[in-house]
Amino acid sequence: MELAFTKTDGAYKRDYMKMSTSPYRGWFRFSGVGHNRITEVQQEYLSCGTQYPGWMMEEHPGVEDGVVKRTIAFTTAASTYSSTKSEIFVKNCGNYMLYNMNFNWWNTNWALCVDTDVCKADVQELDQDHRLQNFWGKISQTDDRSLARGWYRFTNGFEKMPETCPAADSCGSLKPGYLSQPHPEIGEGIVERKVCFGDADQCCVTSRDVLVKNCGTHFVYRLYPTTTYEKYCVEESSTTMCAADAYTELDDDWRGETNVYDSTNKHDDTQLTPGNWYRFTNYLGRMQSTPCPYTVVDTTILVT
């Protein structure tokens, strides 16, 4: 959808410079790039090779709709996506779109963004293990407040967001996020879905809309910064941690419940890594479900 920010000869691309003899260029079309039509997804400031990228706020018409009027919005700041607008006429010719707009309405650094295939684009990859469902937020808590708006692909776990409510405090966050609606099928194109962020009491305390596309071998998501404690979660198998290379074995004999404390040979678990999975391989191979016995040392001094 969005093209990388580039410059031509050190200058921004300016579509109004394409017409010098008339305020109207007449009907025009895009050719040779992507889907050959103006994108319907809001663009980031300084993208598409220009300072103020333009995108269409409504859907393109069908062939049977004839000539229709649509609105082009321009991103004029990092978080200002539609404060400046212009009318455009659109005609669906079947294999391509035709457009007609006043190119001289705004003499500044603006250009129209062309719809490209996000499945083939160089999207950003997210592969942090702390996003996985089996990573506990109370151990290492982070969120996605600093995540930049844009298209992303998850490359670990099942490489997609879960569609069911994760356990509280999982995914390395106090409020893990999941898709509350099914992922799209191949051929559905880019669809809007809702991401819910839950906590220990509710599965959907807050939510936000994102865009998703099924690329066949993977999904891509247009994500946005979250608020405090919220993070996009990645689905993984509930038995991932059972694989031999996913956990560390502990076989210390001193862990036995009948072993008394020895002040001359102390042990503790401060060297274990928080968040890692562990397996006990000696004794019964599990933690006991009753309180550990302890030894009371009588320090009373008998005086005779």
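These legends describe close-up views of a predicted model.

**View 1. Five disulfides in one structure.** The structure holds five disulfides. Count the bonded cysteines of the protein chain in sequence order, and the pairing reads 1-2, 3-9, 4-7, 5-10, 6-8. Three of these links, C119 to C215, C165 to C203 and C196 to C204, are shown in the views that follow.

**View 2. The disulfide of C119 and C215.** The sulfur atoms of C119 and C215 are joined at 2.0 Å. The link bridges distant parts of the chain, 96 residues apart. C119 sits in the loop between β5 (110-112) and β6 (124-126). C215 sits in the loop between β10 (206-214) and β11 (219-223). The S-S torsion of C119 and C215 is about -85°, so this disulfide is left-handed. How do the two ends stand towards the surface, buried or partly exposed? C119 has 21% relative accessibility and counts as partly exposed. C215 has a relative accessible area of 18% and is buried. Buried means under 20%, so C119 and C215 fall on opposite sides of that cut-off.

**View 3. The disulfide of C165 and C203.** Here the sulfur atoms of C165 and C203 lie 2.2 Å apart. The torsion about their S-S bond is -100°, and the link is left-handed. C165 belongs to the loop between β7 (150-154) and β8 (175-179). C203 belongs to the loop between β9 (190-197) and β10. The pair therefore ties together parts 38 residues apart in sequence. C165 is partly exposed, at a relative accessible area of 31%. C203 is also partly exposed, at 36% relative accessibility.

**View 4. The disulfide of C196 and C204.** C196 and C204 are joined with an S to S distance of 2.0 Å. Their S-S torsion is about -70°, so the link is left-handed. Which end is buried, and which is partly exposed? C196 is buried, at 4% relative accessibility. C204 is partly exposed, with a relative accessible area of 32%.

**View 5. An open sheet of seven strands.** Seven strands make up this open sheet, and their pairing is mixed. The order across the sheet is β6-β7-β11-β10-β9-β8-β12. Which strands stand at the edges? They are β6 and β12 (230-232), each with a single partner strand. One side of each edge strand is therefore left without a neighbour in the sheet. From one strand to the next, the twist averages 35°.

**View 6. Where β8 meets β12.** Strands of a sheet pair through backbone hydrogen bonds, in parallel or antiparallel fashion. How do β8 and β12 run, parallel or antiparallel? β8 and β12 run parallel, and three bridges join them. One residue pair to look for is P176 and K231: K231, in β12, is the bridge partner of P176.

**View 7. A nonpolar patch on the surface.** W27, V67 and F89 make a nonpolar surface patch of about 300 Å². W27 lies in the segment before β1 (52-56). The relative accessible area of W27 is 41%, so this residue counts as partly exposed.

**View 8. A closer look at C93.** C93 has 30% relative accessibility. That value makes C93 partly exposed.

Technical notes
Residues are numbered from 1 along each chain as its sequence is written. This is a predicted model: local features need pLDDT of at least 70, side-chain atom pairs count only at pLDDT 80 or more; totals for chains, interfaces and linings use all residues. Side-chain values use heavy atoms; hydrogens and water are left out. A disulfide is a pair of cysteine sulfur atoms within 2.5 Å. Helices (H or I, at least four residues) and strands (E, at least two) are DSSP runs, numbered from the N terminus. Buried means under 20% relative accessible area, exposed over 50%, partly exposed in between (1.4 Å probe, protein chains only). Patches are made of residues with over 30% relative accessible area and no salt bridge: like charges are joined within 9 Å, nonpolar side chains (Val, Leu, Ile, Met, Phe, Trp, Tyr) within 5 Å. Accessible areas come from the Shrake-Rupley method with a 1.4 Å probe; for residues, only the protein chains shown count as cover. A salt bridge is a side-chain nitrogen of Lys or Arg within 4 Å of a carboxyl oxygen of Asp or Glu. Two strands pair if DSSP finds at least two bridges between them. Axes are lines fitted to C-alpha atoms, for helices over the stretch in contact, and angles run from 0 to 180 degrees between N-to-C directions.
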